[in-house]
Amino acid sequence: MKNTDFIKELKKLLEMNSQNVSDLEFTTGNYDSNGKLIENKVPTLTTDLCEIGSFNDTCYFTFILDSNSFSQELLDRIKVYDKMHIYGFKDFLTDLYPKRCFSYKKFEGEIRKDAYVQVQFNFEKTKPKTLLENYLNLKQEFINNNVIVINQITHQFA
């Protein structure tokens with residue numbers, strides 16, 4: 001399934017599950033899992049929780065969180081996702097998690113330097129229905145952990 005068709009199918013599933021979803025867009029300036037700029041435009045959509053895009057055989061969810069609402073408990077709950085990365089809002093090319101010799105105390109100090117922290121989940125070779133399940137599970141984790149998720153549809157970033 002082509003990336004655009006894949007995102008369109010996921011959009012339908014999200015809407016059928018009463019999730020607020022933007023129109024399909026094609027974005028540039030996206031980076032792959034290795035920090036390399038993706039040359040082609042990436043089909044994306046935005047929900048009130050995250051940006052969702054698809055390139056090659058990967059679909060990503062990028063959440064922007066209020067860094068003060070991030071907790072060790074949340075990290076413990078979401079690190080079970082294999083391809084999860086956390087990086088800053090301004091310095092988005094440096095992974096804060098995972099990294100060698102990880103210390104939550106140092107990590108917390110890093111994320112508190114900025115108002116926001118980004119958490120990205122990459123899902124490879126996954127079906128839209130499975131992605132919907134992951135999306136709804138992550139949404140519940142954020143609710144359960146009192147995380148403030150920035151609504152990228154309505155929020156005006158300075």
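This note goes through a predicted model point by point, from the β2 to β4 strands to the cysteines, the aromatic rings, the core and helix α4.

1. Strands β2 and β3. Strand β2 covers residues 42-46 and pairs with β3 in the antiparallel sense, over three bridges. The connection between β2 and β3 is a hairpin through three residues. Across this pairing, Leu45 stands opposite Ile52 in β3. β3 itself is mostly covered, with five of its six residues buried.

2. Strands β3 and β4. β3 also runs antiparallel to β4, to which six bridges join it. Here Cys50 stands opposite Phe63 in β4. The two strands form a hairpin with two residues between them, and Asn56 in that turn has a positive phi of about 50°. A positive phi also occurs at Asn146, which follows α4, with a value near 55°.

3. Cysteines. How many disulfides does the model hold? The count comes to zero. The sulfur of Cys50 has its closest cysteine sulfur in Cys59, 8.7 Å away, which is too far for a bond; the cut-off for a disulfide is 2.5 Å between the sulfur atoms. Cys59 is accordingly in no disulfide. Both residues are nevertheless covered: Cys50 is buried with a relative accessible area of 0%, and Cys59 is buried with a relative accessible area of 2%.

4. Aromatic pairs. The structure holds 13 aromatic pairs. One of them is Phe55 with Tyr60, a tilted pair with 6.3 Å centre to centre and 45° between the planes. Both Phe55 and Tyr60 are buried. Another is Phe61 with Phe63: the ring centres are 6.4 Å apart and the planes stand at 80°, so this pair is edge-to-face. Both Phe61 and Phe63 are buried as well.

5. Aromatic cluster. Which residues are linked into a cluster by ring pairs? They are Phe61, Phe63, Tyr81, Phe121, Phe123, Tyr135 and Phe142. Of these, Tyr135 and Phe142 are among the buried residues of α4.

6. Nonpolar core. The largest nonpolar core has 37 residues. Those with the most contacts inside this core are Ile52, Phe61, Phe63, Leu65, Phe70 and Phe121. In soluble globular proteins, nonpolar side chains tend to be buried together.

7. Surroundings of Phe61. Leaving out residues up to four places away in sequence, Phe61 touches Leu10, Cys50, Glu51, Ile52, Val119, Gln120, Phe121, Phe123, Leu131, Asn134, Tyr135 and Leu138. From this list, Leu131, Asn134, Tyr135 and Leu138 are buried residues of α4, while Cys50 is the residue that stands opposite Phe63 in β4.

8. Helix α4. This helix spans residues 128-144 and has 17 residues. From first C-alpha to last, α4 reaches 24 Å, close to the 24 Å expected at 1.5 Å a residue. Which residues of α4 are buried? They are Pro128, Leu131, Leu132, Asn134, Tyr135, Leu138, Glu141 and Phe142. An α-helix has 3.6 residues a turn, so residues three or four places apart point the same way. The list of buried residues also includes polar ones, among them Asn134 and Glu141.

9. Packing of α4. Against which elements do the buried residues of α4 pack? They pack against α1 (3-16), β3 (50-55), β4 (58-66), α2 (72-78) and β7 (116-124). Strands β3 and β4 on this list are the antiparallel pair joined by six bridges.

Terms used: Residues numbered from 1 in each chain as written. Predicted model: local features only at pLDDT ≥ 70, side-chain atom pairs only at ≥ 80, totals over all residues. Heavy atoms only, no water. Helix = DSSP H or I, 4+ residues; strand = E, 2+ residues; numbered from the N terminus. Expected span 1.5 Å × (residues − 1). Buried < 20%, exposed > 50% of the residue type's maximum accessible area, 1.4 Å probe, protein only. Contact = heavy atoms within 4.5 Å. Phe/Tyr/Trp six-rings, centres within 6.5 Å; stacked < 30°, edge-to-face > 60°. Pairing = 2+ DSSP bridges. Core = buried A, V, L, I, M, F, W, Y, C linked by side-chain atoms within 4.5 Å.
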